[in-house]
Amino acid sequence: MSKEGVMRTFTLHVDFDGRREDGEMLDGRKVLATDEDDAYKKFNGNWGNLEHFGAGWRIEDEEEEDE
């Protein structure tokens, strides 16, 4: 279980049914963030607007993936 305020690694995963070229550039990118909202803001700030992919992306907490 993670502690609040601790930086964790979040990974962006893109569904390639949409914008394949952009998705390939973004898929697997990682950021350190305190929570999913912080990770979303960092992904948007670093690599553009994730909303261009519609529902074709997800942000996962690597710590939760390992459990």
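**Note on helix α2 and the nonpolar core**

1. On one side of α2, Asp-37, Lys-41, Gly-45 and Asn-46 are exposed. The model discussed here is a predicted one.

2. The buried residues of this helix lie opposite: Ala-39, Phe-43 and Asn-44. Around the axis they span an arc of only 130°, which means that they sit on the same side of α2. An α-helix has 3.6 residues a turn, so positions three or four places apart point the same way.

3. The packing partners of the buried α2 residues are β1, β2 and β3 (57-61).

4. Ten residues form the largest nonpolar core: Phe-10, Leu-12, Val-14, Leu-26, Val-31, Ala-33, Ala-39, Phe-43, Leu-50 and Ile-59. At least two of the core residues come from each of β1 (8-14), β2 (30-33) and α2 (36-47). The top contributor is β1, with three residues. Two of the residues named as buried in α2, Ala-39 and Phe-43, belong to this core.

5. The length of α2 is consistent with its residue count. Twelve residues at 1.5 Å a residue should span 16 Å, and the end C-alpha atoms of α2 are 16 Å apart, so the two values agree.

6. Both ends of α2 have a local feature to check in the viewer. At the start, a side-chain oxygen of Asp-35 comes within 3.2 Å of the backbone nitrogen of Asp-37. After the helix comes Gly-48, with a positive phi near 100°.

Methods:
Residues are numbered from 1 along each chain as its sequence is written. This is a predicted model: local features need pLDDT of at least 70, side-chain atom pairs count only at pLDDT 80 or more; totals for chains, interfaces and linings use all residues. Side-chain values use heavy atoms; hydrogens and water are left out. A nonpolar core is a set of buried Ala, Val, Leu, Ile, Met, Phe, Trp, Tyr and Cys residues joined through side-chain atoms within 4.5 Å. Buried means under 20% relative accessible area, exposed over 50%, partly exposed in between (1.4 Å probe, protein chains only). Helices (H or I, at least four residues) and strands (E, at least two) are DSSP runs, numbered from the N terminus. The expected span of a helix is 1.5 Å times one less than its number of residues. The arc is that of the directions from the helix axis to the C-beta atoms. Contact means heavy atoms within 4.5 Å. A polar contact is a pair of N or O atoms within 3.5 Å; within protein, one must be able to donate a hydrogen and the other to accept it, and residues adjacent in sequence count only if both atoms are side-chain atoms.
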